[in-house]
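User: Could you take a close look at one part of this model for me, and then connect it to what lies around it in the chain? I'd like the cut-offs spelled out as you go.

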Amino acid sequence: MVDLEIQDGVAIVTIDNPPVNALSEGVRNGLSEAVQKADADDSANAILIICSGRTYIAGADIKEFGKPPTGVSLFDVHDAMEGASKPIVSAIHGTCLGGGLETALCCHYRVAVASAKFGFPEVHLGILPGAGGTQRLPRIVGVEKSLDMMVSGKPVNARFALENGLIDEIVDDLFEGGMAFAKKAGAESKLVRVRDSSQKLDEAKADPELFDRFRKKIARKARGFDAPEAIIQCVEDTLTHSFDDGIQAERERFMTLVSGAKSEAQRYYFFAERQANKIPDVPKETETIAIEKVGMIGAGTMGGGISMNFLSRGIPVTIVESNQEALDRGVSVVRKNYMRGVKSGRITEEGVDQLMALLTPSLSLEDLADCDMVIEAVFENLDLKKEVFTKLDGIVKQGAVLATNSSALDVDAIAAVTQRPEWVLGTHFFSPANIMRLLEIVRAEKTSKPVLATAMGLARKLGKVPVVSGVCPGFIGNRILFKREVQADKLIYEGATPWEVDEVIYNFGFPMGPFAMGDLAGLDIGWDAESSRGETEIRHKLCELGRRGQKTGSGFYNYDPETRAKTPEPEVEKLISEISGNLGATRREISKEEILERCLYAMINEGARILEEGMSQRPSDIDVVWVNGYGWPVYRGGPMYYADTIGLDRILAKIKEFQAQDNDDFWQPSALIESLVSEGKGFKDMA
Ligand code: CAA
Ligand code: NAI
């Protein structure tokens, strides 16, 4: 895993631990031994650390977390490096992350190729850079920038790294550049140790408000997480503690975080997201289709957003509408969205023009004939979608992927109207489609493996997180959401207020509760004045009264026109009470615990049914859908992971209790949960 070779007076230490050169036990042992040998070897006056494969060290080996420590500790490796008698230079390419960056910071010098990235993503795993990162980074790039880097977890590029002292030089060729720098450093024989610098810390001492400002800035995003505050405290220590005491405190905070439930859930989630990429019967080597030109049908909310994904990656899109007005509106929304980036400095106006030049508006499906992939995002109406696919079948070249963005409809029925159902699948983007990472890939009965593999690969290329779903109403995400909505509505008819339900869900860690979410999405989705049932459905009643959600300034809540801050509306409580009467429901006080259990266990039961029916490949895929698409707090893993932490036996007992109270079959326990409980197993035990 670690090789040592002397060349031209430089001891070259090469790390080779595919796929990402993680600091596994073998790497730590090998690195420690190689550095000590090289330091003692008189034929070398400098040491170069370099990695084989696609990247420099991308961090600790996450699989080792939570297990008893073995081999040489990373601290001992770092001490040996920092204490070496001759300069150590790291030559960096790919992603230098976490423990990898900490290792680089223990070298006396760092050089990198221009494409290299540097970062501390530990926060995403619910931990902090626990091998000196919180103490060394502020000494190099300064306190504010290191807070930004470590609390956001976002990597920085080589240019930023050079400008902020994180690296000493950008080289054209990794090996040649690294060797040249090492020879020079060997000749000068000067040892620069990050731990000894104090200038950046002195600058921060002049701005005592800095930490409070930073805490306020991140408060909303950091809600519920433990790691951000622990990172801030470690950085505060750099101003008040010696380096060694800072390291000690960092260690203690790291140990608390890594042994906590939140980090365990976040680590589980890291692997869940990667697992979701895998389809057992579609091997990695499956042939895929090159997507170089895309057709989009419908320039509404979704059509525009989906198109942006392709345009932003240089893939031309032809967008087709049914009328000129809708087409113009759709295209102008895309431009407006890009122009927002001009204001924030992310893109120039010329850049926007270049992206827009890739978008060809059209009123004719015939213009999609030579597209490699066509995505349909017209209204959610099965007959309309069938009509569109029938036409597409006669127009689009053979060998193109035909996708529907339906959020709930029968993709098999859509595929069946074509002569080529094996080329059809669902690509269910989430709104706003240019931002949301989740992409449900709906595998229809006849979808071919290359088509599926193409959609998965394309999703990754677009920076999305793809999850495969079978064909069922609402697929994985919305199907589960519907169940939560049913319970949330029942709860308010039985006596809870919408604000109580929302508060419970918000406090659990969701960004908002179901009623606030309804207001945001618009209460009139799927509502129709002709068939409105305001006597028995609160959403309908609110629509009848013109309270259609945030866009009309009121829905369940009233919204401040300036700040959009929401306040509960007592009249809405009265309306709900009246509807309860019409429904013959008995109103009573409902505890927070019951609210939470009914909302979440309804979801878990439905998740289990989805698994039972084979609509999701594995429990963790459901978790990926809910974390990415619906704001399930990642530090609780996802609904199926959470179910295991509560215990399926307890959940089953509660489901049966709710079933006994209800007259309908809503709470019919999933057979899968019953069988897992009878075997003393959880979802995690499903192979
Ligand atoms: N440990 C163990 N396995 C890892 C890993 C790690 N740090 N990083 C990646 N892998 C594995 C993945 O699970 C995946 O395995 P499979 O092929 O079996 O699914 C494989 O490596 C490739 O990973 P990706 O699919 O994610 O590849 P990518 O090219 O899209 O991304 C990457 C590469 C940017 C390095 C990304 O994998 C990543 O972000 N990794 C995590 C980096 C990280 O969090 N580092 C900090 C670790 S914690 C730490 O270092 C603590 C400390 O302070 C000591
Ligand atoms: P929308 O109403 O904003 O846009 C639909 C567009 O399709 C309209 O501009 C309409 O003029 C156009 N259209 C209708 N018939 C057409 C035809 N025959 N040819 C060309 N264009 C035609 O609807 P939205 O929200 O964009 O939804 C589109 C699809 O995406 C639906 O299937 C919906 O269920 C799904 N979806 C919507 C989400 C959302 O949050 N809005 C989220 C995920 C999926």
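Analyst: Glu589 sits in the loop between helix 23 (570-583) and helix 24; helices here are DSSP runs of H or I with at least four residues, strands are E runs of at least two, and both are numbered from the N terminus. With a relative accessible area of 78%, Glu589 is exposed. The labels work like this: buried is under 20% relative accessible area, exposed is over 50%, and partly exposed is in between, using a 1.4 Å probe and protein chains only.

Before going on, a word on the source: this is a predicted model, where local features need pLDDT of at least 70 and side-chain atom pairs count only at pLDDT 80 or more, while totals for chains, interfaces and linings use all residues. Residues are numbered from 1 along each chain as its sequence is written, chains are lettered from A and ligands numbered from 1 in the order in which they are written, and side-chain values use heavy atoms, leaving out hydrogens and water.

Back to that loop residue. Glu589 joins Glu500, Glu503 and Glu573 in a negative surface patch. Patch members have over 30% relative accessible area and no salt bridge, with like charges joined within 9 Å and nonpolar side chains (Val, Leu, Ile, Met, Phe, Trp, Tyr) within 5 Å. Asp and Glu count as negative, Lys and Arg as positive, and His and the chain ends are not counted. Each charge is placed at CD of Glu, CG of Asp, NZ of Lys or CZ of Arg. The areas come from the Shrake-Rupley method with a 1.4 Å probe, and for residues only the protein chains shown count as cover.

Helix 24 brings us to the salt bridges, each being a side-chain nitrogen of Lys or Arg within 4 Å of a carboxyl oxygen of Asp or Glu. Arg479 pairs with Glu606 this way, at 2.7 Å from N to O. That contact links distant parts of the chain, since Arg479 is in helix 19 (residues 477-493) and Glu606 in helix 24 (residues 592-612), 127 residues apart. Both Arg479 and Glu606 are buried; for Arg479, the label follows because its relative accessibility is 9%.

Arg479 also forms a salt bridge with Glu613, where the closest N and O atoms are 2.9 Å apart. Here too distant parts of the chain are linked: Glu613 is in the loop between helix 24 and helix 25 (619-630), 134 residues from Arg479. Glu613 has 42% relative accessibility, so it counts as partly exposed.

Another pair is Glu537 with Arg533, at 2.4 Å from N to O. Glu537, at 26% relative accessibility, counts as partly exposed, and so does Arg533, at 43%. As for networks, salt bridges that share partners join Arg479, Lys483, Glu606, Arg609 and Glu613 into one. The whole structure holds 44 salt bridges.

For charge of the opposite sign, try Arg564, in the loop between strand 18 (557-559) and strand 19 (566-568). Arg564 is exposed, at a relative accessible area of 58%. Its C-alpha atom is 8.2 Å from that of Gly553, eleven residues apart along the chain.
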